[in-house]
Amino acid sequence: MKRKTDSTRDDSFRRPSQAKEIWRRFCKSKGALIGLCLLVFVLAVLIFGPVFVSYKSATTQDYNSLLASPSAEHIFGCDGFGRDIFARIIYGGRTSLSVALIATATSCIFGCALGAIAGYFGGWIDSIIMRALDIFMSVPDILFTMAVVVALGASATNLIIALTLAYFSNYVRLVRSQVLSLSEQDYVEAARAGGSGNARIILSHILPNAIGVIIVNATLNVAKIIIYESTLSFLGLGMPPPQPEWGLMLSEAREFMRTAPHLLFFPAAAIVLCACSVNLVGDGLRDALDPHLKS
């Protein structure tokens with residue numbers, strides 16, 4: 001009977017799992033919860049929106065609905081070609097968010113690999129990678145992405161390539177600094193003494209302990225890439241028309257700012273809402289994963 005009581009007492013005082021602890025600290029931030037709710041709402045609209053509106057209504061011109069105001073038939077109105085704005089925002093958002101997520105993933109993988117190699121091996125390998133990175137970062141991101149898209153042509157693949165090359169450098173420096181500090185830890189030395197190879201040590205012992213800062217940086221970069229991608233589309237360097245895209249919608253709405261301001265308002269609101277929600281979630285993750293903010 002005593003053993004059962006002690007076991008029950010041990011279970012009641014057992015520490016929560018790391019995931020539950022991170023979620024508890026995340027929920028302490030009201031801004032992070034608001035951002036998460038907004039992000040879930042945006043994703044739900046983008047995922048289930050095609051059930052209610054067709055892609056045809058986003059690309060087919062209807063001259064009887066030119067610059068139509070918001071109504072029951074077209075809840076966000078129609079643009080200068082008679083295309084439904086709500087449908088264009090949904091399908092444009094799917095394009096923008098897909099490009100942002102893929103570009104974030106590819107830049108994260110490429111940058112983390114280079115940063116881990118530079119930080120772990122050091123020496124001439126580190127010098128070559130970091131000096132090449134310094135030259136690479138001397139060109140402003142927006143000019144570099146514009147040059148790549150102009151050289152390769154406007155398409156989703158080329159846009160992802162341009163954004164990947166513009167953002168991978170952030171991960172190189174971040175991961176390199178983490179690897180430099182983690183590679184001196186006792187468990188890494190023990191893994192070396194146990195005969196583990198360099199690749200195994202990096203993938204199994206170092207990068208998992210740096211995953212927190214990588215996730216936070218990747219989350220915040222999603223919002224930046226959404227804005228960058230919209231900027232390129234606004235300048236005519238995004239997806240070729242008539243494929244809908246938020247930045248392209250803003251560009252097309254410039255000449256109707258006074259006569260039909262709803263053409264400008266709705267895509268701008270979509271960009272701001274999506275970027276702000278991702279930023280709020282990223283800030284919440286940063287606070288939740290920061291060991292100095294544990295309580």
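This report walks through the cores, aromatic pairs, charged side chains and a few single residues of a predicted model.

**Nonpolar cores**

Let's start inside. The largest nonpolar core has 45 residues, and I89, L163, I226 and W246 have the most contacts inside it. Quite a few helices feed this core: α2 (18–27), α3 (30–48), α5, α7 (141–152), α8, α11 (211–234), α12 (246–253) and α13 (262–289) each supply at least two residues. The top contributor is α13, which gives ten residues. There is also a second, separate core of 17 residues, with A116, V175, I206 and I214 among its members. As background, nonpolar side chains in soluble globular proteins tend to be buried together.

W246 deserves a closer look, as one of the residues with the most contacts inside the largest core. Not counting residues up to four places away in sequence, W246 touches I89, G92, G93, S96, I226, S230, P267, A270, I271 and C274. Two of the other well-connected core residues, I89 and I226, are thus among the partners of W246.

**Aromatic pairs**

Next, the rings. The structure holds ten aromatic pairs. One of them is Y55 with Y91, an edge-to-face pair with 5.2 Å centre to centre and 80° between the planes. Y55 lies in helix α4 and Y91 in helix α5, so this pair ties together parts that are 36 residues apart in sequence. In terms of exposure, Y55 is partly exposed at 39% relative accessible area, whereas Y91 is buried at 13%.

F136 and F168 make another pair: their ring centres are 5.1 Å apart and their planes sit at 70°, so this pair is edge-to-face too. Here F136 comes from helix α6 (residues 123–137) and F168 from helix α8 (residues 156–182), so the link joins distant parts of the chain, 32 residues apart. F136 is partly exposed, with a relative accessible area of 26%, while F168 is buried at 7%. Elsewhere, F76, F86, F265 and F266 form one aromatic cluster.

**Salt bridges**

On to the charges. The count comes to eleven salt bridges. Three of them are set out here, with the N to O distance for each.

| Acidic residue | Basic residue | N to O distance |
|---|---|---|
| D79 | R88 | 3.8 Å |
| D283 | R286 | 3.3 Å |
| D287 | R286 | 4.0 Å |

The D79 and R88 bridge has both of its ends buried: R88 is at 1% relative accessibility and D79 is at 7%. These two residues also belong to a network of salt bridges that links D79, R83, R88 and E252.

R286 turns up twice in the table, with D283 and with D287. D283 and R286 are three residues apart in helix α13, which puts them about one helical turn from each other. D283 is partly exposed at 29% relative accessibility, R286 is partly exposed at 42%, and D287 is partly exposed at 31%.

**A buried acid without a bridge**

What is the nearest side chain of opposite charge to D84, and how far away is it? It is R88, at 8.8 Å, and D84 is buried yet has no salt bridge. A salt bridge needs the nitrogen and the carboxyl oxygen within 4 Å, so R88 is out of reach for D84. What D84 does have is a polar contact of 2.7 Å between its side chain and that of H74. D84 lies in the loop between α4 (55–59) and α5 (85–121). Leaving aside neighbours within four places in sequence, D84 is in contact with S57, A58, E73, H74, G77 and C78.

**Two residues on α5**

R94 and T104 are both placed in helix α5. Are they buried or exposed? R94 counts as partly exposed at 35% relative accessibility, while T104 is buried at 6%.

Their surroundings can be listed too, again leaving aside neighbours within four places in sequence. R94 is in contact with L46, I47 and P50. T104 is in contact with Y171, A218, N221, V222 and I225. As for longer range, the C-alpha atoms of R94 and L165 are separated by 22 Å, and the two residues are 71 residues apart along the chain.

Key. Residues numbered from 1 in each chain as written. Heavy atoms only, no water. Helix = DSSP H or I, 4+ residues; strand = E, 2+ residues; numbered from the N terminus. Buried < 20%, exposed > 50% of the residue type's maximum accessible area, 1.4 Å probe, protein only. Lys, Arg positive; Asp, Glu negative; His and termini not counted. Polar contact = N/O pair within 3.5 Å; in protein donor to acceptor, adjacent residues only side chain to side chain. Contact = heavy atoms within 4.5 Å. Phe/Tyr/Trp six-rings, centres within 6.5 Å; stacked < 30°, edge-to-face > 60°. Core = buried A, V, L, I, M, F, W, Y, C linked by side-chain atoms within 4.5 Å.
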